[in-house]
Amino acid sequence: MNGPLIVQSDKTLLLEVDHPDAEAARREIAPFAELERAPEHVHTYRVTPLGLWNARAAGHDAEQVVHALVTHSRYPVPQSLLVDVAETMARYGRLTLTKEVVDGEGEPQLLLRTTDRAVLTEVLRHKRIAPLVGDRVDDDTVVVHPSERGHLKQELLKVGWPAEDHAGYVNGEAHQIDLDTTDWSLRPYQQQAVDGFWDGGSGVVVLPCGAGKTLVGAGAMARSSTTTLILVTNTVSARQWREELLRRTSLTEDEIGEYSGSRKEIRPVTIATYQVLTLKRKGIYPHLDLLDARDWGLILYDEVHLLPAPIFRMTADLQARRRLGLTATLVREDGRESDVFSLIGPKRYDAPWKDIETQGYIAPADCVEVRVSLSESMRMAYAVAEPDERYRFAACAPAKDPVVRQLVDRHRGEPTLVIGQYLDQLDQLADGLDAPLITGETSVPQRQELFRQFREGEITLLVVSKVANFSIDLPEASVAIQVSGTFGSRQEEAQRLGRVLRPKGDGRTAHFYTVVSRDSVDADFAAHRQRFLAEQGYAYRIVDADDLATLD
């Protein structure tokens, strides 16, 4: 027994990164274990109930999980953990939601059924669950108020008894949508993702940035052939979705509407921004009426890990509609992954980033953390700064500016993005680099024109704020230089690397640099941000700013 994994009774897994079988072990535990820490040599994973239920919903059983642990473990796996894995996974599916005619008469009703009578009795005694259900049909069945389908799933998950939803979906208004595959076709993993979603009914597809999540959405729309509501992060993203659908499907311009701050079009396929739906006036959300504007057959959530709280409440009311969430990472910094699970659906397909890279569909990436030292006066100023100001102070350190210039010069002529969080820092960098700057204040037409110039090679350097984190299609970007971020956001780190992962025409490697102030919270947050990518198999090299000239 000389495996790369040490399995501990507290449900932590220690993976020796340098072991020859580490990559195989990482792939096998990824469906059910979450990475917590990723230093150089030993990565720490944790097995959680939500991870096990996601694996169960995706078709993995306890036997597969146990086999992965036992096969790769260096020492005997604690028997208590194996028992706990089996019993936790067995909880999924003991409660099911169905829609059936009761006593052979009347309309079909939404029912909560159990294969374990004691479980149903237990959950019905919870104060937050009892008001969501109606009359008891028999010892194993209770009627559920249709409007409470989503809320009930949320509450059942919280008490540790996730319900498997077999209640089906309304068909929605039919609308023919075909894929126009004249000069392209769905890649094998994209087709598997569509099939996994459709067979499961609703849920989340997790694919790396640049792997074609929009095409998975288009494939699901063609499979459904119904009116579709697509929710996206911003107006630029909405227009990119529109362009892609016009290019890849039979949809015409008249069939696709945009519902954003500037337009309010409702068409058979309507693309709406999260911002406009969550706009609040006098305590109400006036644009949520969009949900009732059509008999939608499919709801698509782009960047589902970013769903705002009001959209979660909205999603609870949409349980009779098919729902597909698309994301590169299900990590949420607010810890609401369980709400995504219960209200959108479980993970239906998850492709490891390195697997897609091996197939040649995304570019290999070289990740480098460049550490700079603060001057003595800056160190003293940092030491006396208020705690809530220290991150901004360290993230915007002037010592980063010459490093960024050096990296830009190193990749002169290659399509390069300089990405940051703080506008004054970005203004200064844009001026010093003589490069265009895109922020939230840049108008949509200006953004689109600059992105077009970048795509077509008219300009090769852009300085961008966090508006470029999500859903921006820059297929030729090959270098990203990150100077500051949203504290320790793992999802943001993944999205920023994703800006440069689209495969390059000449097969070259993408470069992702993070410039970090050492001995500061900037370095602490950088380590946290890197956790998700480490789980996907990306290793960061750490170099000193003074050694950049010798960097391979």
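**Briefing: a cavity, a sheet and a buried glycine**

The count of cavities of 30 Å³ or more comes to 1 in this structure, which is a predicted model. The largest cavity has a volume of about 30 Å³, and its lining includes residues of the helices α2 and α12. Beyond the cavity, this briefing turns to an open sheet of 7 strands and to Gly297, a residue that is buried.

**The cavity and its lining**

- Rolling a probe the size of a water molecule over the atoms shows where empty space is left.
- The residues that line the largest cavity are Leu50, Asn54, Val204, Leu330, Glu337, Val340, Phe341, Gly345, Pro346 and Lys347.
- When these lining residues are sorted by class, 6 are nonpolar, 2 are polar and 2 are charged.
- Helix α2 (49-57) and helix α12 (337-344) each supply at least two residues of this lining, and the largest share, 3 residues, comes from α12.

**The open sheet**

- The 7 strands of the open sheet follow the order β19-β20-β18-β21-β22-β17-β23, and their pairing is parallel.
- Strands β19 (437-438) and β23 (540-544) stand at the edges of the sheet, and because each has a single partner strand, one side of each is left without a neighbour in the sheet.
- Within the sheet, strand β18 (residues 416-419) runs parallel to strand β21 (residues 479-482), and the two are joined by 4 bridges; in this region Val418 stands opposite Ile481, which belongs to β21.

**Helices against the sheet**

- Helix α16 (residues 400-410) packs on the sheet, where it touches β17 (365-372), β18, β20 (461-464), β21 and β22 (510-517).
- The direction of helix α16 makes about 165 degrees with the direction of β22.
- Helix α18 (residues 444-455) lies across β18, β19 and β20, and this helix runs at about 145 degrees to β20.

**Gly297 and its surroundings**

- Gly297 is found in the loop between α10 (274-277) and β14 (298-302).
- The relative accessible area of Gly297 is 2%, and since buried means under 20%, this residue is counted as buried.
- Leaving aside residues up to four places away in sequence, Gly297 touches Asn171, Gly172, Ser224, Thr226, Thr227 and Arg322.
- Gly297 and Arg117 lie 180 residues apart along the chain, and their C-alpha atoms are separated by 34 Å.

Note on methods: Residues are numbered from 1 along each chain as its sequence is written. This is a predicted model: local features need pLDDT of at least 70, side-chain atom pairs count only at pLDDT 80 or more; totals for chains, interfaces and linings use all residues. Side-chain values use heavy atoms; hydrogens and water are left out. Two strands pair if DSSP finds at least two bridges between them. Contact means heavy atoms within 4.5 Å. Axes are lines fitted to C-alpha atoms, for helices over the stretch in contact, and angles run from 0 to 180 degrees between N-to-C directions. On a 1 Å grid over the protein atoms alone, a cavity is a set of points where a 1.4 Å probe fits but cannot get out, and a pocket is an open set with protein on both sides within 12 Å along at least five of seven lines; lining residues have an atom within 4 Å of a point. Grid points are joined across faces, edges and corners, and a volume is the space filled by probe spheres set on the points. Ala, Val, Leu, Ile, Met, Phe, Trp, Tyr, Cys and Pro count as nonpolar, Asp, Glu, Lys and Arg as charged, and the others, Gly among them, as polar. Buried means under 20% relative accessible area, exposed over 50%, partly exposed in between (1.4 Å probe, protein chains only).
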